[in-house]
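Got your viewer open? Here's a short walk through this one, a few selections at a time.

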Amino acid sequence: MKFVKTLLAVAALGAAFAAQAESNIASGAGANLTASARLNFNVVIPRVLYLRVGTGTDFTPNPQVDTETFTAAAGNIGTGTAIAGIPAGFSARVLSTGGGISLAATGSGTGLTNPGLVVIPWTQISGTSVGALAVPAVGATNNLAAVNGVVAQSGTWSFSYANAATLAAGTYAGVVTYTATLP
């Protein structure tokens, strides 16, 4: 029985030492004794792809889809004078820790439609950006190169409606889906 207890104590002691860091002992009569021990460090950065367009807090999922509205004044319908969207700008941000990415814009159907099935083509909506993250045109893809393996870009996106045709009264609606892809 005493042998079993001793064996268990030695096993426990061995396990404790196996989990400890390196150590060294210096001894002697000299004034310049040194002992050193090393410790390994690792920082693990996961492969991440993040995209936000519109309101929200970075790195927090948000199911809200913002809406951009273009309202033509009565004397301006179909004149070709562009109409700025409201709100005036949307915050956009993309982050990739896995290298270069592509950012695509895909519109629903062939454009914005009203209940009478009249269509405003997506080509009538254009976007501009203040900042590094350019707005991809609907149906297009922007390739974003990584710097040191990272893509971190943001911008404020603003949109306008070309107002090139005289259309029947109504609300014309459509959805653009922005998709970031990390190969």
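Start by selecting N163 in this predicted model, then show what surrounds it. Leaving out residues up to four places away in sequence, N163 touches N76, I77, G78, T79, G80, T81, I83 and Q124. N163 sits in the loop between strand 9 (151-161) and strand 10 (176-181). Is N163 buried or exposed? Its relative accessibility is 1%, so N163 counts as buried. Now pick out G78 from those neighbours: its backbone nitrogen lies 2.9 Å from a polar atom of the N163 side chain.

Next stop, the salt bridges; the count comes to three.

Select D58 and R52. They form a salt bridge, with the closest N and O atoms 2.8 Å apart. R52 is buried at 12% relative accessible area, while D58 is partly exposed at 26%. Keep D58 and add R93: these two side chains also meet in a salt bridge, 2.6 Å from N to O. That pair links distant parts of the chain, with D58 in the loop between strand 1 and strand 2 (83-84) and R93 in strand 3 (residues 90-96), 35 residues apart. Show R52, D58 and R93 together and you have one network, joined by salt bridges that share partners. R93 itself is partly exposed, at 24%.

Last, select E22 and R38. Their side chains meet in a salt bridge, 3.0 Å from N to O. Both lie in the loop between helix 1 (2-18) and strand 1 (49-53), so the pair ties together parts that are 16 residues apart in sequence. Try a surface view here: E22 is partly exposed at 34% relative accessible area, and R38 counts as exposed at 64%.

Note on methods
Residues are numbered from 1 along each chain as its sequence is written. This is a predicted model: local features need pLDDT of at least 70, side-chain atom pairs count only at pLDDT 80 or more; totals for chains, interfaces and linings use all residues. Side-chain values use heavy atoms; hydrogens and water are left out. Helices (H or I, at least four residues) and strands (E, at least two) are DSSP runs, numbered from the N terminus. Buried means under 20% relative accessible area, exposed over 50%, partly exposed in between (1.4 Å probe, protein chains only). A polar contact is a pair of N or O atoms within 3.5 Å; within protein, one must be able to donate a hydrogen and the other to accept it, and residues adjacent in sequence count only if both atoms are side-chain atoms. Contact means heavy atoms within 4.5 Å. A salt bridge is a side-chain nitrogen of Lys or Arg within 4 Å of a carboxyl oxygen of Asp or Glu.
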